[in-house]
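Q: Hey, got a few minutes to walk through this one with me? I'd like to go through the salt bridges, the sheet and the core.

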Amino acid sequence: MEADSSNFSFHIKKQAIMDKKYFVYHDEKYPIDFDLLKKNSRYFYQNQGKFKNVQNIELINEEQEHIKLSDESIKAFISCCQNEPCSINKS
C-alpha cells in the first residue's frame, strides 16, 4: 500500500468585522475593527468598557484642538493596530 502524497492548498479569507467602530477626526470617519484594536492597543484594552456603547471615537477633543493629525498618520495608526502593512514618514 502506497502512502497518499497529495497536497491540499487552502486560504482562509479575512473575517468580517464583528465589532466595527469609527475613529472620527474633523467629521471624517475611519472604520476600525475594535476587537483587533483592543488586542493591539493597551489603552483600548484597558478602557474597553468606556467604548462598549460608543460607535464613534473622537481622536481629538476640544481641549486638544491644537494637535494636528494628517490623514496619512491616522491611516498608518489604524493599519498598525489592525495587523495590516503600514508605513510612516518623518513629516
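Q: Let's start with charges. Which residue forms a salt bridge with Asp71?
A: That's Lys75, and the closest N and O atoms of the pair are 3.1 Å apart. Keep in mind that this is a predicted model.

Q: How far apart are Lys75 and Asp71 in terms of helical turns?
A: About one turn, because the two are 4 residues apart in helix α3.

Q: Buried or exposed, what are we looking at for Lys75 and Asp71?
A: In between. Lys75 is partly exposed, with a relative accessible area of 46%, and Asp71 is partly exposed as well, at 36%.

Q: How many salt bridges are there in total?
A: The count comes to 3. Besides the Lys75 and Asp71 pair, Asp35 meets Lys38 with 3.4 Å from N to O, and Asp19 meets Lys21 at 3.9 Å.

Q: Where do Asp35 and Lys38 sit relative to each other?
A: Both are in helix α1, 3 residues apart, so about one helical turn separates them.

Q: And how accessible is each partner in that pair?
A: Asp35 is partly exposed, with a relative accessible area of 27%. Lys38 has 18%, which falls under the 20% cut-off, so Lys38 counts as buried.

Q: What does Lys38 touch, apart from its neighbours within four places in sequence?
A: Lys38 is in contact with Asp19, Phe44, Tyr45 and Gln48. Asp19 is also the residue whose side chain forms a salt bridge with Lys21.

Q: Buried or exposed: where do Asp19 and Lys21 fall?
A: Lys21 is buried, with just 3% relative accessible area. Asp19 comes out as partly exposed, at 23%.

Q: OK, switching to the sheet. What is the strand order?
A: It's an open sheet of 3 strands in the order β2-β1-β3, with mixed pairing.

Q: Which strands stand at the edges?
A: β2 (28–33) and β3 (56–58). Each has a single partner strand, so one side of each is left without a neighbour in the sheet. From one strand to the next, the twist averages 35°.

Q: What's mixed about the pairing?
A: Strand β1, residues 20–25, pairs with β2 in the antiparallel sense over 6 bridges. With β3, on the other hand, β1 runs parallel, and 3 bridges join them.

Q: Which residues pair up with Phe23 across the strands?
A: In β2, the bridge partner of Phe23 is Tyr30. In β3, Phe23 stands opposite Ile57.

Q: How many residues sit between the strands in the hairpin of β1 and β2?
A: There are 2 residues between the strands, and His26 in that hairpin takes a positive phi near 50°.

Q: Where does helix α3 lie relative to the strands?
A: Helix α3, residues 71–81, lies across β1 and β2. The helix runs at about 10° to β2.

Q: Now the core. How many residues does the largest nonpolar core have, and which have the most contacts inside it?
A: It has 13 residues, and those with the most contacts inside it are Phe23, Ile32, Phe34, Leu37, Phe44 and Ile57.

Q: Which elements supply at least two residues of this core?
A: β1, β2, α1 (34–40) and α3 each do. The largest share is 3 residues, from α3.

Q: What does Ile57 touch, leaving out residues up to four places away in sequence?
A: Ile57 touches Lys21, Tyr22, Phe23, Val24, Ile32, Phe34, Phe44 and Phe51. Phe23, Ile32, Phe34 and Phe44 are also among the residues with the most contacts inside the core, and Lys21 is the buried lysine from before.

Q: One more. Where is Phe77 found, and how accessible is it?
A: Phe77 is in helix α3. At 39% relative accessibility, Phe77 counts as partly exposed.

Q: How far is Phe77 from Ile88, C-alpha to C-alpha?
A: Their C-alpha atoms are separated by 9.0 Å, and the two residues are 11 apart along the chain.

How values were computed:
Residues numbered from 1 in each chain as written. Predicted model: local features only at pLDDT ≥ 70, side-chain atom pairs only at ≥ 80, totals over all residues. Heavy atoms only, no water. Pairing = 2+ DSSP bridges. Axes fitted to C-alpha atoms, helices over the stretch in contact; angles between N-to-C directions. Contact = heavy atoms within 4.5 Å. Buried < 20%, exposed > 50% of the residue type's maximum accessible area, 1.4 Å probe, protein only. Core = buried A, V, L, I, M, F, W, Y, C linked by side-chain atoms within 4.5 Å. Salt bridge = Lys/Arg side-chain N within 4 Å of Asp/Glu carboxyl O.
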